[in-house]
Amino acid sequence: MDQLADRVEPRRSRGAARWALAAAAAGALAGCSDGGKVPEFLLDGSPAPSAPQSVVESTERVVMTRARVSRAALADRLVAACARRMPGLSTATILVERVGVSGASITFRPRAAPHLRGCDRSGVPSESGSPWCGVSIGKLGSGGVTDPRLGILCRDRAGGNVAFAWVNPSARARWLGVEQERYVELYRVAGGLPVRVSSRAGVKLESSSATFRIVEFAADGARIRERELVARVAG
Amino acid sequence: MRTRSLGAPAPAVAFVASFLLALSLTAAKMARAAFQDTCNYARPQLTYTMTRDGGQTYTNVARYEGYQWGGGCWNNDDVDSSPNDPPQTFSRGEGADCSGLVFKTWKESEHPAAGGRYHWDKSRNVHGPYTAQAFRDGDGEPNYRVIKSYVYVMDGFASSGHVGLVFFRATSGADQIVEAKGEAYGTNMWTRSYRSDSSYDGIGRYGWTS
């Protein structure tokens, strides 16, 4: 345990209390209906993996998402469909594939390119029939993407908009938690790339923006940073 | 006693000077970033007509009014009220970005599934849900891709990072394109060869009435 972790320990308990309160409030509200349960399955129908115990100890109602880092398998139906909408994929390209509760994504960096590319899906095909309802290109700077490249065109099966954005994790972050309406969705930092997160909460079509409430966790489960990312559609 | 009376003003003066400096810097920053405070969030007006020459007139007002990443409102004084905004940063300045200009000119809805025509006043602060890439892909109910040779006035050309509208089709084979090009360039009309540039695709919008 280094000194920095010791210093942020007090924040951990304050932050944990706030998030637990938010989760409890959401749960209480949800108690009026049958929507109070934490999702057990991800967008692709698979069961959500177990969340790291160190994170669960400090945060209630956590749903772990799945992340896989691999070389692009162009024979894969979803990867091929992404490649059709977003050129730059080859068998040598390293992909980060993510599956969450309301959204899934592919993020990759074409060889030596100064930008990231990616595809988003929410379970509802695009008008053109692609399983990927959104694609994004993000310019890379020294600290990651220079803009989160918000996408709000995807819709879930209930007709609600699903927002996607890239988040630059801090150096010590191993997981990112994104607050949803009734739970916290947990993303593993992977592949040395910004993390494409998704949310149904905080989407504002009237201002073409979305707000993501994010908490970063270190390997030992300590809360490193909490922040609110207000992302806007641009460019 | 004397020493105290002579020495006391120095830190006080330094404090006041620092305070005034900080105040002036803050005021300058606020003045520079506050253009969008003059914008509004009025509901768009549902319109039944949408003409291509009306679109030209609309974009003409936006010319010389600057560029703002993620922005979408401007006035009509032919001056960028927030010059030198940081690149690719939303800083509440004047002007649209490339996709915001197309969204407003094409009278689109902030709801991608809505295909109607909505007039957005120039000072209405709205960008719309589409990026240049989304326009290029024909995302959204009113939008579609056009074979490039068929791209006509107020249709457009879009790449993965930029989009502009045809103002005139020039005889040289290039086009006069009205576009929000970037902070250093602002919004204006330039001769472009997007029609022959393989990184650009033709785009259009359903619903023109003439």
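Leaving aside its neighbours within four places in sequence, with which residues is A:Gly177 in contact? The model before us is a predicted one, and I shall begin with this glycine. Beyond those neighbours within four places in sequence, A:Gly177 is in contact with A:Thr59, A:Val184, A:Leu186, A:Ile214, A:Val215 and A:Phe217.

As to its setting, A:Gly177 belongs to strand S10 of chain A, which covers residues 175-179. A:Gly177 counts as buried because 25 other C-beta atoms lie within 10 Å, the cut-off being 20 or more. I also note A:Val38, which is 139 residues away along the chain; its C-alpha atom and that of A:Gly177 are separated by 14 Å.

I turn now to the contact between the chains. Chain A contributes 18 residues to the contact, and chain B contributes 22 residues. On the side of chain A that touches chain B, the elements giving two or more residues are strand S6 (134-141) and strand S8 (151-155) of chain A. Of these, S6(A) gives the most, with three residues. By character, that side of chain A comprises seven nonpolar, five polar and six charged residues.

Finally, I come to chain B and its helix H4, residues 98-105. Is this helix mostly covered or mostly open? H4(B) is mostly covered, since eight of its eight residues are buried. They are B:Cys98, B:Ser99, B:Gly100, B:Leu101, B:Val102, B:Phe103, B:Lys104 and B:Thr105; a lysine, B:Lys104, is thus among the buried residues. Just after H4(B), B:Lys107 adopts a positive phi of about 55°.

Conventions
Residues numbered from 1 in each chain as written. Chains lettered and ligands numbered in written order. Predicted model: local features only at pLDDT ≥ 70, side-chain atom pairs only at ≥ 80, totals over all residues. Helix = DSSP H or I, 4+ residues; strand = E, 2+ residues; numbered from the N terminus. Buried ≥ 20, exposed ≤ 12 C-beta atoms within 10 Å, placed from the backbone. Contact = placed C-beta atoms within 7 Å. Nonpolar A, V, L, I, M, F, W, Y, C, P; charged D, E, K, R; others polar.
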